[in-house]
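Visitor: I'm new to this structure and would love a close look at one part of it. Could you pick a stretch and walk me through it slowly?

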Amino acid sequence: MPYVIAVIVVLIILFYVVWIASIYAMRVLGFLIACIVIVTAFTFIAGLIWGVVLPLRVLRGHAAETAKVATPQSVRDGKIFKGAPKGAAKEFGWDHAWPLYVPYQLRFDAAAVRREAKYLATAVHDVSTVWWPTSGKVLMKAFLGATRFLILRIPAYGFILGLFSGILLWMTIVALIQALVVGAQWITTRLLRIRESRHMKKHSATVKCTRCYRETNMPSYRCPNPECPRIHRDVNPGPLGVRSRICECEAKIPLTVAAASRVLTAHCPFCEAELPQGAGSRRVVVAPVFGSVGSGKTQFLATTAVSLRSMSEDEGTPTKLTALTPAAEQFLASSVEETSAGSAPLKTQHHDRPEGYPFLITGHGSDVELHLMDAAGENFVHSGSSESLGYLDLSTSLLFLLDPLTIPEVREQLGPSGVAVQVAQGRASDAYASVVDRLRDSGEDLRKKKLAVVVTKADVVAQIFASEPLPNDSAGVRAWLYSHGGDNLVRRIEADFQEVGYFAVDSTPGTPLDSPAHPLRVVDWALINGGAGSLSAGSGSPAAGAVDSETSGHNAPEEHSKEAARS
């Protein structure tokens, strides 16, 4: 019996010892767990903070991973945008410019941040697997493994969890900002394009090259950096910029034609010729003259240029004239010099593709670019000889210069009159047909074009036919031609064109600006038909104002025919 009591007492003591030891062990374990939780919380917070700071380090280049850069060359290589460009850059590829940061470069930066986060997480995980005491005994090995898991692995996982939580927070904020920015860019781009389209339509703005005779509404623009050879083909707002873009050389390029044309040098996208300053932002009126050799084309244009310059220098008129190219400056200077000397202009040299003379006319509301297009009479022998004159297709109005002395009935009176004057070579009908037949063969609808029949040498006609000189009005000039042997030509002209105006001009230097026979009257007609303002607007010029009376008879060939028949 005493032995039983002793065993019971020993068991009780052992129980209490084990119980007390368990209590202390649980306290120690609880303390360890609390420490681990606190440490893990701190490592989580540290990881969270590092996850927020890490993108900044990547963007500043202080991280192990660096972001790929969306360079202009990668844009050109098709690595940034999906598909080839559309519009003006379609045939040239993407322009040499930096793409928008959002979303294109941001995409690469976000990828670099993710790579850096993965790299850092791997490094932290590797640290948690560094050397730790080991044992061959199962229990000791399990104990050492558990302590390593508690002391190293759990805090490491807390740091990694905090790191990716911070990265996820950053990426969520960035995604929201990106959505807002991309949406704002899309809306702004559309609004700018709509505004640009309305501006172009309001001013009928376009580009018509005086060298290659091609037309476009999007000229190319050279980078403003004189050391940069890049030419930007499409300055519409888009993935390369909204209000402006950055060239490969980091120069700033304003976007939209209206903005770029004010500060950049424009080039023709077809022949690369340099265009006048402001090209593409204003209305262009092409005034192409054609006629036989010696019909007075160059004299007509020279008198026009000199008269426009005189108006520009007159403070009493709002008209201001500016020669836009060296060729135009040379033509104006030589015309002024020849006029001052009282000599006739030199005959135009024969070129298959003569360069036109662009002039800027301001002071009548919106600016207008007037192209005076001259070609030697040899270009108007037959339809094949005028085939290279593409500017004839660009113009809505054509100026046919007719030397009345080429009409047999008129020339018969030249000898008896004793007037010495040069007569144009060939027949006027051949020169007319060389252009009209070529336009028709190329598919041009002549009904959409307007023709001015400009009867030159009105001063000579007045000497030959003193009793019946050329009238000043369209119907009168037409009737005069009809009754003096030009009836066949008149009938063909009115069969080809729906709208025809007839003018009698005296291109000699002494013709007053307010004379109804001044060439400016014809130019004014071309400007009005081209949608530009009249030169007479606000100036009270009777010569220009008389053009209004010409338009009333353009659509009445039948009435003209009856009037001519009566005469």
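Guide: Let's take a walk along helix 1, with a few stops elsewhere afterwards for context. One thing to keep in mind as you look is that this is a predicted model.

Helix 1 runs over residues 2-59, which makes 58 residues in all. From its first C-alpha to its last it reaches 83 Å, close to the 86 Å you'd expect at 1.5 Å a residue. Follow it along and you'll come to a kink of about 30° at Val53, shortly before the proline Pro55. Once the helix is over, look for Gly61, whose phi is positive, near 80°.

Now, which residues of helix 1 are buried? They are Ile36, Thr40, Thr43, Gly47, Gly51, Leu54, Pro55 and Val58. So Pro55, the proline that comes shortly after the kink, is in that buried set too.

Let's stop at Thr43, which sits in helix 1. Its relative accessibility is 19%, and the cut-off for buried is under 20%, so Thr43 counts as buried. What does Thr43 touch? Setting aside neighbours within four places in sequence, Thr43 is in contact with Pro155, Gly158 and Phe159. With Pro155 there's a polar detail to look for: a polar atom of the Thr43 side chain lies 3.1 Å from the backbone oxygen of Pro155.

For another helix to set beside this one, try helix 11, residues 428-441. Helix 11 has 14 residues and spans 20 Å from first C-alpha to last, close to the 20 Å expected. Its buried residues include Ala428, Tyr432, Val436 and Leu439. Among the elements covering the buried residues of helix 11 are strand 9 (283-290), strand 13 (397-402) and helix 14 (487-496). Just after helix 11 you'll find Gly443, with a positive phi of about 90°.

One more stop is Leu370, in strand 12 (residues 368-373). Leu370 counts as buried because its relative accessibility is 0%. Leaving out neighbours within four places in sequence, the contacts of Leu370 include Val285, Tyr357, Ile361 and Leu527.

Two of those names come back when you look for empty space. The structure holds three cavities of 30 Å³ or more, and the largest cavity has about 70 Å³ of space. Ile361 and Leu527 are among the residues lining that largest cavity, along with others including Arg283, His364 and Asp367.

Technical notes
Residues are numbered from 1 along each chain as its sequence is written. Side-chain values use heavy atoms; hydrogens and water are left out. Helices (H or I, at least four residues) and strands (E, at least two) are DSSP runs, numbered from the N terminus. The expected span of a helix is 1.5 Å times one less than its number of residues. Buried means under 20% relative accessible area, exposed over 50%, partly exposed in between (1.4 Å probe, protein chains only). Contact means heavy atoms within 4.5 Å. The bend at a residue is the angle between axes fitted to the seven residues ending there and the seven starting there. A polar contact is a pair of N or O atoms within 3.5 Å; within protein, one must be able to donate a hydrogen and the other to accept it, and residues adjacent in sequence count only if both atoms are side-chain atoms. On a 1 Å grid over the protein atoms alone, a cavity is a set of points where a 1.4 Å probe fits but cannot get out, and a pocket is an open set with protein on both sides within 12 Å along at least five of seven lines; lining residues have an atom within 4 Å of a point. Grid points are joined across faces, edges and corners, and a volume is the space filled by probe spheres set on the points.
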